[in-house]
Amino acid sequence: MSGLVLNNVTKQFGAFTAVENVHLSVPHGTFVCLLGPSGCGKTTLLRMIAGLEDPSNGAILLDGADITGVPTHKRNLGMVFQSLALFPHLSVGENIAYPLRIRGAPREDQKKRVDELLALIHLPGYGDRPVSKLSGGQRQRVAIARALALSPRLFLLDEPLSALDAKLREAMQVELRQLQQKLGITTIVVTHDQREAMTMADTVVVMNGGHIRQAAPPIEIYRKPADTFVADFIGSTNLLDMQADGSGAATIFGHRVKGLNLPDGSQKATISVRPEDVHLTAPGNGAIDGTVTFVRDLGGTIETFVEAGGKQIIAVSTPRERPDVVAGQTVGISLSPDVCVVLKQ
Amino acid sequence: MKREPPQSIADYGPLFFPAGMLLVFFVVPFGTMIAVSFFQRQEGGFYTPAFVFSNYERFLSAFFGGVLGFSLMLAITVAVCCVVLGLPFTYLLSRLPRRLQVIWLVALLSVLSLSEVIIGFAWSTLLSRTAGLSNLLVAIGILGQPVALFPSFGAVLTGMVYQALPYTILVLYPAIVRLDPTLMEAARTLGSSPIRAFFNVLVPALRNTIMATLIMVFIFALGSYLLPQILGRPQHWTLSVLITDQAIYQSNMPFAAAMAVFLVLVTLGLVGLTLLIGRKGEKA
């Protein structure tokens, strides 16, 4: 298969297991985001793909060839580091030309390629400037251009945008995605920012505790989370306990909910409902009743906090569908079965 | 944060003590030495105030020129050897686990506590025919019979490099530790083998530190006086040895002072030249 395949990859640092039995296949030309909280093993996984760490177990295959033991400098990949790691003693052009110079490319070819890449990153004519004279966003682009100089088979980025301010970061996310689509290069980005992952990726890989919890397109990750961790980590959600009553029907807080079924063979489950899918109605009209505790009106959206069965449920609505409620009021909460995701406990 | 420039004389207060110490213990003696270098020597070990250039004239001979040349060559060789050995060593040291780094640094610091005399005699034993390292080479069959490796230029160089290496490493260590480790990783992802990355990323990125270290070890080695006498032959003696000889054994203070002043001037000239070349290289 063309593309990258991780086969049962494990990495241990002493007694600590950073990555455990990871299977992942990345088809050629796709954009993958490794997403997870800090310490979830995503950076270690990327460093193993780059060859900067050796897996304790398992194999890494690129276009069908086993590259597990191949040293980094022979893997033909481009990598952007969190620190960017631009060489301080070289100019912008020399930084970009570095991989070409290492391979002994003729001087004219180096210059031509540098000019091409500077145009690609919208910094034409910057070749002679020292790296220290660039802004954060410009350095970011130079680091990307340098990594792409050899048209690598794999483009790896480790938290590439974390040093930029919020506005620039958003713009760079879009730019990076457009660049990747233009070049059709297999790209893997490590990030802890779910918004970044949702913006850029074809496939989001959610990791926690050294394991892959779910690998799917962004919308599927959001709409159909595989477990409670993914549901809670991606966006905000309401997690409600569901139990079987005497007859085996599903109940939430003791109320039967029509249309929802427990997973086969289990008596308990959790359902995840996104706040924008929670609708408030008159008491008794919804699946369960609750008491409004607080209304946060942010202008663009309105968040209503409702307490039901000892749990806090958040409902988000737009001003147009504004629920006319105040704190202390009893309301009904309607949970339509098609927006509830049933998760095993 | 930008500091305000000093407004009144009182703002310079903290500088008075170090400036005074420097004046009394460095500038005044050095001035005296410059003055003495122009004095007239009297037979029998005395000198009278005068303003003559005879001391400097005497210095301009093939013999003293040769000694000066040898001293400079020795100091440069020691500096280059120390940096060539110290740079890879310090880089590898910086990649060790923290605990091992501390052990190595303590061991290096303990070398600094050895006096030059002890270093000199220890190496003269290690390089001797009867008890030296060549006996080990005989034992493993590389040499047919033990040989004396001293007195020789190699022995002088070995002793001086041994003495200066801890300083070299201690100067290089903070700069190498502070260097972003991802620079070397980036070079590897861009197709550089670790050894090439060492030469075309680490060395240029540390260029200023390396320059400063070379100058420091050069000056340190230029003042060496004991080791060339213990481990070398008379032709390996440095200018410092001759200065001592003139000042103490020949009682020719004016001539010794003239040599010392000349050595300082040559050293300053060389350091200035190095800095100038370094600055030009940075612009290019």
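**Sheets, domains and contacts in the predicted model**

In chain A, strand β7 (residues 154-158) pairs with strand β8 (residues 186-191) in the parallel sense, and five bridges link the two. The structure described here is a predicted model. Within this parallel pair, Leu157(A) lies opposite Val189(A) of β8(A). Both strands belong to an open sheet of six strands in chain A, ordered β6-β7-β8-β3-β9-β10, in which the pairing is mixed. The sheet is bounded by the edge strands β6 (77-80) and β10 (211-216) of chain A, each of which pairs on one side only. Direction ignored, neighbouring strands of this sheet are turned by 15° against each other on average.

A further open sheet of chain A contains four strands in the order β2-β1-β4-β5, and its pairing is antiparallel. Here the edge strands are β2 (16-27) and β5 (65-66) of chain A, each pairing on one side only. Strand β4 (residues 57-62) of chain A runs antiparallel to β5(A), to which two bridges join it. In this pair, Leu61(A) has Asp66(A) of β5(A) as its bridge partner.

The domain assignment divides chain A into domain 1 (3-228) and domain 2 (236-344). Taken over C-alpha atoms, the centres of domain 1 and domain 2 of chain A are separated by 40 Å. Contact between them involves four residues of domain 1 of chain A and five residues of domain 2 of chain A. On the side of domain 1 of chain A that touches domain 2 of chain A, the residues comprise one nonpolar, one polar and two charged.

Strand β11 (residues 238-244) of chain A takes part in two antiparallel pairings. With strand β14 (residues 268-273) of chain A, β11 pairs in the antiparallel sense over six bridges. Asp241(A) has Thr270(A) in β14(A) as its bridge partner. With strand β12 (residues 250-252) of chain A, β11(A) forms an antiparallel pair over two bridges. In that pair, Gln243(A) stands opposite Thr251(A) of β12(A). The hairpin of β11(A) and β12(A) has five residues between the strands, and Gly248(A) in this hairpin adopts a positive phi near 95°.

The contact between the chains draws 18 residues from chain A and 16 residues from chain B. On the side of chain A that touches chain B, the elements giving two or more residues are β6 and α2 (92-102) of chain A. This side of chain A consists, by class, of 11 nonpolar, five polar and two charged residues. Strand β6 of chain A thus appears both among the elements of this contact and as an edge strand of the six-stranded sheet.

Within chain B, the axes of helix α3 (residues 62-94) and helix α10 (residues 207-222) come within 8 Å and cross at roughly 135°. At this angle, α3(B) is therefore oblique to α10(B). The crossing of the two helices, α3(B) and α10(B), is right-handed. From α3(B), the residues Ser71(B), Leu74(B), Ala75(B), Ile76(B), Val78(B), Ala79(B), Cys82(B) and Val83(B) meet Ile210(B), Thr213(B), Leu214(B), Val217(B), Phe218(B), Ala221(B) and Leu222(B) of α10(B). By class, the contact of α3(B) with α10(B) is made up of 13 nonpolar and two polar residues, with no charged residue.

How values were computed. Residues are numbered from 1 along each chain as its sequence is written. Chains are lettered from A and ligands numbered from 1 in the order in which they are written. This is a predicted model: local features need pLDDT of at least 70, side-chain atom pairs count only at pLDDT 80 or more; totals for chains, interfaces and linings use all residues. Two strands pair if DSSP finds at least two bridges between them. Axes are lines fitted to C-alpha atoms, for helices over the stretch in contact, and angles run from 0 to 180 degrees between N-to-C directions. Domain bounds come from an automatic or database domain assignment. Two residues are in contact if their C-beta atoms, placed from the backbone, lie within 7 Å. Ala, Val, Leu, Ile, Met, Phe, Trp, Tyr, Cys and Pro count as nonpolar, Asp, Glu, Lys and Arg as charged, and the others, Gly among them, as polar. Angles under 35 degrees count as roughly parallel, over 145 as roughly antiparallel, 65 to 115 as roughly perpendicular and the rest as oblique. A crossing is left-handed if the near helix is turned anticlockwise from the far one by less than a right angle, and right-handed if clockwise.
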